[in-house]
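Visitor: I have this model open at the bench and would like a close look at a single part of it. Could you take me to the residues annotated as a binding site, and then on to whatever else is worth a look?

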Amino acid sequence: MTDTFYEVLRRQGITRRSFLKFCSLTATSLGLGSAFAPKIAHALETKPRTPVIWLHGLECTCCSESFIRSAHPLTKDVVLSMLSLDYDDTLMAAAGHQAEAILEEVKRKYKGNYILAVEGNPPLNEDGMFCIQSGRPFIEKLKETAADCKAIISWGSCASWGCVQAAKPNPTRATPVHKVIFDKPIIKVPGCPPIAEVMTAVVTYMLTFDKLPELDRQGRPKMFYGQRIHDKCYRRPHFDAGQFVEEWDDDQARMGYCLYKMGCKGPTTYNACSTVRWNDGVSFPIQSGHGCIGCSEDGFWDKGSFYDRVTDIKQFGVEANADKVGGTAAAVVGASVAAHAAVTALARARQKTGIDTPKGED
Ligand code: SF4
Ligand code: SF4
């Protein structure tokens with residue numbers, strides 16, 4: 001009989017207290033609320049463990065680096081135990097023929113029941129010769145392993161979009177996973193790399209609930225890619241006020257003004273960096289003084305310099321570029337202040353005259 005997740009965790013030395021804490025952390029990071037923690041605990045206690053096969057194509061391994069550095073040690077321990085990484089040619093102890101034998105065994109034993117996580121992508125030119133694993137093109141290994149999987153996770157911008165190895169003229173024809181596998185559910189978790197907590201939360205959700213989380217039109221989990229960096233950026237008030245850094249070492253940079261004019265792609269990038277942040281929530285690139293380069297967006301590598309401004313953002317509905325934002329923002333703020341003052345004066349006058357303030361007007 002196959003072990004449950006919980007049995008595997010206990011065997012790895014994880015206490016029940018730690019296990020329950022992990023369930024609470026996971027429920028919170030998934031935005032499900034603490035009421036979901038017991039449901040996660042119950043699912044992990046009763047469900048048989050789902051094996052995960054993790055393949056690596058053309059890539060730099062930054063997704064694995066991010067994943068194994070998941071800031072919370074408990075999360076890292078639990079998720080790594082939960083995954084058990086039945087096959088991961090980068091992290092597993094086995095190598096060569098032994099590793100390939102394990103892959104074949106997992107595929108056979110768990111046919112139709114394993115999750116395939118893919119980091120990197122297959123190059124298709126020259127019959128796939130630009131990425132050879134165990135003596136054959138990676139594309140073959142990918143297709144064979146995908147054939148019997150339950151679902152696919154495309155880790156990072158390489159597997160999701162192609163990333164820098166697909167930059168024009170893309171000599172190896174590096175190709176994202178969804179353009180070579182068409183008959184399996186695929187969840188994209190883009191970023192270069194994706195945030196560790198996002199990766200662990202996504203994989204925990206899939207293992208716990210045995211389904212994909214809700215996805216957007218591009219196949220990304222809405223819970224982490226539903227908002228732009230710009231929507232939750234702590235420098236946003238400076239953007240709205242028209243206060244921009246103009247040079248890397250100017251006074252505005254020292255005062256933490258908006259980095260839009262320095263090329264920040266936050267207004268067109270969907271990711272959780274400005275909310276989840278990096279390194280246990282310590283910081284994220286914009287907080288460290290550099291604009292977002294849009295690493296989780298399709299084609300970011302071919303869209304010109306990281307320091308060119310995004311020219312077509314529509315804020316306040318009218319201005320065409322950041323140079324006009326200041327004036328527009330000032331006008332909006334001015335109008336709001338005037339409106340607020342008028343409403344307040346009206347309310348005071350009503351109080352004096354004994355007229356009730358209609359609901360919602362104060
Ligand atoms: S442009 Fe960049 S720095 Fe400015 S508010 Fe938006 S995300 Fe933040
Ligand atoms: S801030 Fe932008 S460039 Fe940096 S990791 Fe997040 S999405 Fe990628």
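Guide: Happy to; we start at the annotated site and then visit the aromatic pairs, a sheet and a helix. Please keep in mind that this is a predicted model.

Let us begin with the site itself. In the unreviewed UniProt entry, the annotation "binding site" covers Cys 273, Cys 292 and Cys 295. These three span 23 residues in sequence, yet no two of their C-alpha atoms are more than 10.8 Å apart, so they gather at one spot.

Take Cys 273 to start with. You will find Cys 273 in helix H13, and its relative accessibility of 10% makes it buried, because the cut-off for that class is under 20%. Setting aside neighbours within four places in sequence, the contacts of Cys 273 are Ile 195, Ile 229, Trp 278 and Phe 284.

Now turn to Cys 295, which sits in the loop between H13 and H14. Cys 295 is also counted as buried, at 16% relative accessibility. If residues up to four places away in sequence are not counted, Cys 295 touches Ser 157, Gly 191, Cys 192 and Phe 300.

The loop between H13 and H14 also brings us to the aromatic rings, since Tyr 307 lies in that loop. A pair of aromatic rings is described by the distance of the centres and the angle of the planes. The model has eleven aromatic pairs. One of them joins Phe 239 and Phe 244, edge-to-face, with 5.8 Å centre to centre and 90° between the planes. Both partners are buried: Phe 239 has a relative accessibility of 0%, and Phe 244 has 4%.

Another edge-to-face pair is made by Trp 248 and Tyr 307, with centres 5.9 Å apart and planes at 90°. This pair links distant parts of the chain, for its members are 59 residues apart: Trp 248 comes from the loop between helix H11 (236-240) and helix H12 (251-254), and Tyr 307 from the loop between helix H13 (273-276) and helix H14 (322-353). Here the side chains are partly exposed, Trp 248 at 40% relative accessible area and Tyr 307 at 44%.

Elsewhere, Phe 36, Tyr 205 and Phe 209 form one aromatic cluster. Phe 36 has a charged companion as well: Lys 39 lies over the face of its ring, 4.6 Å from the ring centre.

Next comes the sheet. Five strands, in the order E2-E1-E3-E6-E7, make an open sheet with parallel pairing. At its edges stand strand E2 (87-88) and strand E7 (186-189); each has a single partner strand, so one side of each is left without a neighbour in the sheet. Further in, strand E1 (residues 52-56) pairs with strand E3 (residues 114-119) in the parallel sense over five bridges. To find your place there, look for Ile 53, which stands opposite Leu 116 in E3.

We can finish at helix H7, residues 138-147, where the buried residues are Phe 138, Ile 139, Lys 141, Leu 142, Thr 145 and Ala 146. Look down the axis of H7 and you will see these buried residues fall within an arc of 160°, so they line one face of the helix. There is a general reason behind such patterns: an α-helix has 3.6 residues a turn, so residues three or four places apart point the same way.

Methods: Residues numbered from 1 in each chain as written. Chains lettered and ligands numbered in written order. Predicted model: local features only at pLDDT ≥ 70, side-chain atom pairs only at ≥ 80, totals over all residues. Heavy atoms only, no water. Buried < 20%, exposed > 50% of the residue type's maximum accessible area, 1.4 Å probe, protein only. Helix = DSSP H or I, 4+ residues; strand = E, 2+ residues; numbered from the N terminus. Arc of directions from axis to C-beta. Phe/Tyr/Trp six-rings, centres within 6.5 Å; stacked < 30°, edge-to-face > 60°. Lys NZ or Arg CZ within 6 Å of the ring centre and 35° of its normal. UniProt positions renumbered as here; feature names shortened; annotations may be inferred. Contact = heavy atoms within 4.5 Å. Pairing = 2+ DSSP bridges.
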